[in-house]
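Thank you all for coming; I would like to walk you slowly through a structure that most of you have not seen before. Please have the sequence and the view in front of you while I talk.

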Amino acid sequence: MAGISMAGFRVCGEETVGMRVMPHPAVTVGLEFGACPLVVDRAAARQQRSDLVAGFGHVPVRVRGENIECVEVRLSPLVAPAVLGTPLPLS
């Protein structure tokens, strides 16, 4: 579908995998499906174990975990409100 791109990630084993989620001109949604949750490191060393939604001007975050099974979906600003069911914030 125009305005939507997806990538899947699956890493099995004892190895901890980490990646940095950088600002992008789209809304980035990370959905975790495995038995082990993602760990999302945000500013000020806070950690959140869950799925991820990042907007256009977000501060880079680091996502890490073991036995990761997730999908990253990037939504253009034109389709994001319809897919997410909510208007995008203006600031």
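Let me begin with E32, which, once its neighbours within four places in sequence are set aside, is in contact with P37, L38, D51, E69 and C70. I should say straight away that this is a predicted model, so please hear each statement that follows as a statement about that model.

E32 is found in strand β3, and across from it, in β8, stands C70. Is E32 buried or exposed? With a relative accessible area of 17%, E32 is buried, because the cut-off for buried is under 20%.

If we now cross over to C70 and leave out residues up to four places away in sequence, we find that C70 touches A7, G8, F9, L31, E32, F33 and L38. C70 also belongs to the largest nonpolar core, which has eight residues, the others being V21, L38, V40, L52, V61, V63 and I68. Two strands, β7 (61-65) and β8 (68-75), each supply at least two residues of this core. Apart from it lies another core, of seven residues, including V27, V29, L75 and A80. As a general remark, in soluble globular proteins nonpolar side chains tend to be buried together.

Let me turn to F9, one of the residues that C70 touches. F9 lies in strand β1 and is partly exposed, with a relative accessible area of 31%. Leaving aside neighbours within four places in sequence, F9 is in contact with M19, I68, E69, C70 and E72. F9 and T28, by comparison, are 19 residues apart in sequence, and their C-alpha atoms are 14 Å apart in space.

Now to the sheets, where these strands find their places. What is the order of the strands in the open sheet that holds β8? Four strands form it, in the order β1-β8-β3-β6, and the pairing is antiparallel. At the edges stand β1 (4-11) and β6 (52-54), each with a single partner strand, so that one side of each is left without a neighbour in the sheet. From one strand to the next, the twist averages 15°.

Within this sheet, β1 and β8 pair in the antiparallel sense over eight bridges, and V71 in β8 is the bridge partner of G8. On the other side of the story, β3 (residues 27-32) runs antiparallel to β8 and is joined to it by six bridges, with L75 in β8 as the bridge partner of V27. As for burial, β8 is mostly covered, since six of its eight residues are buried.

There is also an open sheet with the order β2-β7-β4-β5, again formed by four strands with antiparallel pairing. Here β2 (17-21) and β5 stand at the edges, and because each has a single partner strand, one side of each is left without a neighbour in the sheet. Strand β4 (residues 39-41) pairs with β5 in the antiparallel sense over two bridges, and V40 stands opposite Q48 in β5.

I will finish with confidence. The mean pLDDT of the chain is 79, and 90% of its residues reach 70 or more. Among the elements of the chain, helix α1 (residues 80-84) has the highest mean pLDDT, at 88, while strand β5 (residues 47-48) has the lowest, at 73.

Methods
Residues are numbered from 1 along each chain as its sequence is written. This is a predicted model: local features need pLDDT of at least 70, side-chain atom pairs count only at pLDDT 80 or more; totals for chains, interfaces and linings use all residues. Side-chain values use heavy atoms; hydrogens and water are left out. A nonpolar core is a set of buried Ala, Val, Leu, Ile, Met, Phe, Trp, Tyr and Cys residues joined through side-chain atoms within 4.5 Å. Buried means under 20% relative accessible area, exposed over 50%, partly exposed in between (1.4 Å probe, protein chains only). Contact means heavy atoms within 4.5 Å. Two strands pair if DSSP finds at least two bridges between them. Axes are lines fitted to C-alpha atoms, for helices over the stretch in contact, and angles run from 0 to 180 degrees between N-to-C directions. pLDDT is the predictor's confidence in each residue, from 0 to 100.
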